[in-house]
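I opened my notebook today to look at one fold from the inside out. Here is what I looked up, entry by entry.

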Amino acid sequence: MPDYPSGGTAGSPVRVNGLPDRFGPRAAAALAAAQARDPRVMLFHHSPFGLGARGLNLAFPLVLNAVPGKLLVLFHEVHFPVVTGQPLRHRVLARTQQAMARALLHRADAVCVSTEAWTPLLRALGWQGEVVHCPIPSNLLPPPSAPGKAQARSRLGLPLDGEASWVGHFGTYGEAVAGPLAAVLPALLAAAPRRRALLLGRGAARFRGQLLALHPDLSTRLHVPGGEAPGEVSLGLLAADVLLQPFVDGVTTRRTSLMAALAHGRPVCGNLGPLSEPLWAGLPGLQLAPSPSPAALLAAAEALLARAGEWAGLGDAARATYEAHFS
């Protein structure tokens, strides 16, 4: 698509081509023109809210029917949940996104999912073909010569307390994660005075402020090191002893924050939930609570923190789990 802005790393085989609008009719026309000039198999990463229009962009999946060539759709999400008694606006959102998914399935030549939990939703929408499970790898990897914990902490300006235990969290602190995290993290810190928390990722400073409004005594033990740049977040992951990664719907293969923790060789405390795939049972390097309840998460986190002598081995196991299943 040479008519639109493009770029990439010098010498890279990857070329980035910008679309002329945010998944509107001009974008579809540009794709059709590009396919006419140089037919390729298209891989479409679908997340309904990623198409703009407040998650209600039914037009783009429909106009993809006019774009020639084979289409592979990877569903990162399928549609907003349908729940009995939900508000009208949520019903409209769910039904519209179901129509979006149906349009994509009608057009698709092949279908992949980021988590096996989406397969029943696609079957319910009429897809009868094969569904390929494609776990989403981490887009944040440690450097080839990764520093040790002490060096990473020093480079981030963190207190160098050899007796401290550092509990990290990496994410964007959305409501579904911030709630369980806010319920568990202060209790973990209160249980042992040498424990400290590392908050990493977009929204970390805001979340710290919210916690301190409720727990001002934790001001010297809640740390937001560095910034949001990938290199600084990577250093933060390497500085942590363990990661606390709660998810209301459970650990799944689409959680890239979890993948980043495993890829950096850090033991992870998380939880199972309704969307967790069977493969998580027994994977080394993780301590999984049976549910996202604060009590279950707190017990799992305490169990992991009690295994300080095993952290190095658990970290190696976490990295091996990532390489074997998700890399």
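**Entry 1: empty space.** How many cavities of 30 Å³ or more does the structure hold? I found one, and I kept in mind that this is a predicted model. I then looked up the space in the largest cavity, which comes to about 40 Å³.

**Entry 2: the lining.** Next I asked which residues line the largest cavity. My list reads Val167, Leu188, Val242, Leu243, Leu244, Cys269, Ala301, Leu304 and Leu305. Sorted by class, the lining has nine nonpolar residues, with no polar and no charged ones. I also noted that β10 and α10 each supply at least two residues of this lining.

**Entry 3: the sheet.** Since β10 had come up, I looked for its sheet. Six strands form an open sheet with parallel pairing, and I wrote down their order as β9-β8-β7-β10-β11-β12. Why is one side of β9 and of β12 left without a neighbour in the sheet? β9 (222–223) and β12 (286–289) stand at the edges and each has a single partner strand, so one side has no neighbour there.

**Entry 4: one edge.** I zoomed in on β9 and saw that two bridges join it to strand β8 (residues 195–200), the two running parallel. Here Leu198 stands opposite His223 in β9.

**Entry 5: helices on the sheet.** Helix α9 (residues 256–263) packs on the sheet and touches β7 (165–170), β10 (242–244), β11 (268–271) and β12. Its direction makes about 155 degrees with that of β11. Helix α10 (residues 294–305) packs on the sheet too, touching β7, β8, β10, β11 and β12. For α10, I noted an angle of about 160 degrees with the direction of β11.

Methods. Residues are numbered from 1 along each chain as its sequence is written. This is a predicted model: local features need pLDDT of at least 70, side-chain atom pairs count only at pLDDT 80 or more; totals for chains, interfaces and linings use all residues. Side-chain values use heavy atoms; hydrogens and water are left out. Two strands pair if DSSP finds at least two bridges between them. Helices (H or I, at least four residues) and strands (E, at least two) are DSSP runs, numbered from the N terminus. Contact means heavy atoms within 4.5 Å. Axes are lines fitted to C-alpha atoms, for helices over the stretch in contact, and angles run from 0 to 180 degrees between N-to-C directions. On a 1 Å grid over the protein atoms alone, a cavity is a set of points where a 1.4 Å probe fits but cannot get out, and a pocket is an open set with protein on both sides within 12 Å along at least five of seven lines; lining residues have an atom within 4 Å of a point. Grid points are joined across faces, edges and corners, and a volume is the space filled by probe spheres set on the points. Ala, Val, Leu, Ile, Met, Phe, Trp, Tyr, Cys and Pro count as nonpolar, Asp, Glu, Lys and Arg as charged, and the others, Gly among them, as polar.
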